[in-house]
Amino acid sequence: MPEEPEVDTDKLREAIDEEIEKEGKGGARLIRWIALTTAILAALAAIASLEAGATVNEALVLKTESTKLQSQASDQWAYYQAKGIKGDVVQASATSWTAAGKTPPANIASETARYSAQQDTIREKAKELENERDAKSHEADELLERHHHYAGAVALFQVAIALGAIAALTRVKAVWIGSLLVGGAGIVLSVLALAR
């Protein structure tokens, strides 16, 4: 799900080149600066877009692995319960022997101990899987947060590019400065995403 820049930079470049030709040398200087900054903003938008796509894809992979681990942990807990039931059945058998006034077979105590030991091993495996699941889920959540920063940066870069185009067409320096400020906000969001 990469974030694609929606501004057609080729058409924008052609429009700016036409305006430079119309302006002549005197007004062409502002147009050239606008073109340069707009091109830089377009490059930054492309980088942020790639990063947004990469982080969301990696987060989805981690969430899938987390779900798989949850399933395996659930299987282990079901196995744990089955061993507990088997141990309880064996224990109930011993109680029946005792209630009948007879001595329970010697293997009943060892079977009960075996099922209890197996439960301990199964419990540890289930907890290990749950810990691994939690770690992957947490990492995926952090990547999704980074993705949101990159996606926001892409949106800001697109607005900045559009303002740059308007500045080039209208030759209004204030609009160009607005483009630079919005582009700067996109850079800040990209750096925040990178720092996470």
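Modeller: Before any residue is discussed, a residue is called buried under 20% relative accessible area, exposed over 50%, and partly exposed in between. The model we are reading is a predicted one.

Biologist: With that in hand, is Arg171, in the loop between α2 and α3, buried, partly exposed or exposed?

Modeller: The phi of Arg171 is near 60°, a positive value in a residue other than glycine. Its relative accessible area is 29%, and because partly exposed covers the range between 20% and 50%, Arg171 is classed as partly exposed.

Biologist: Which pattern does the protein chain follow when read along the sequence?

Modeller: The protein chain has 3 helices and 0 strands, so a pattern written from helices and strands, numbered from the N terminus, holds helices alone. Read along the sequence, that pattern is α-α-α.

Biologist: Of the contacts in the protein chain with a separation of 6 or more, what share comes from residues 24 or more positions apart?

Modeller: Buried residues make up 30% of the 196 residues in the protein chain, and the accessible surface comes to about 11,600 Å², with 60% of that surface belonging to carbon and sulfur atoms. Among contacts with a separation of 6 or more, the share from residues 24 or more positions apart is 82%.

Biologist: Which residues does His149 contact, leaving aside its neighbours within four places in sequence?

Modeller: His149 is found in helix α2, which covers residues 107-170, and at 16% relative accessible area it is buried, because the cut-off for that class is under 20%. The side chain of His149 reaches the backbone oxygen of Glu145 at 2.9 Å. Beyond the neighbours within four places, the residues in contact with His149 are Leu189, Leu192, Ala193 and Arg196.

Biologist: Which residues of α3 are buried?

Modeller: Helix α3 takes in residues 173-195, and its 23 residues reach 33 Å from the first C-alpha to the last, close to the 33 Å expected at 1.5 Å a residue. One of its buried residues, Ala193, is also in contact with His149. The buried residues of α3 are Trp176, Ser179, Gly183, Gly186, Ser190 and Ala193.

Biologist: How far apart are the closest N and O atoms in the salt bridge that Asp120 forms with Arg123?

Modeller: Asp120 and Arg123 both lie in helix α2, 3 residues apart, which is about one turn of the helix. Asp120 counts as partly exposed at 35% relative accessibility, and Arg123 is partly exposed at 23%. The closest N and O atoms of this salt bridge are apart by 3.1 Å.

Biologist: What is the N to O distance in the salt bridge between Lys125 and Glu128?

Modeller: Lys125 and Glu128 are separated by about one helical turn, because they are 3 residues apart in helix α2. Lys125 is partly exposed at 37%, and Glu128 is partly exposed at 47%. Their side chains meet, N to O, at 4.0 Å.

Biologist: In the salt bridge of Arg133 with Asp134, which partner is buried?

Modeller: The closest N and O atoms of this pair are 2.8 Å apart. Asp134 has a relative accessible area of 40%, so it is partly exposed. At 17%, a value that falls under the 20% cut-off, the buried partner is Arg133.

Biologist: How many salt bridges does a search of the whole structure find?

Modeller: The pairs discussed above include Asp120 with Arg123 and Arg133 with Asp134. For the whole structure, the number of salt bridges found is 5.

Definitions and conventions: Residues numbered from 1 in each chain as written. Predicted model: local features only at pLDDT ≥ 70, side-chain atom pairs only at ≥ 80, totals over all residues. Heavy atoms only, no water. Helix = DSSP H or I, 4+ residues; strand = E, 2+ residues; numbered from the N terminus. Buried < 20%, exposed > 50% of the residue type's maximum accessible area, 1.4 Å probe, protein only. Polar contact = N/O pair within 3.5 Å; in protein donor to acceptor, adjacent residues only side chain to side chain. Contact = heavy atoms within 4.5 Å. Expected span 1.5 Å × (residues − 1). Areas by Shrake-Rupley, 256 points an atom, 1.4 Å probe, with all protein chains shown as cover.
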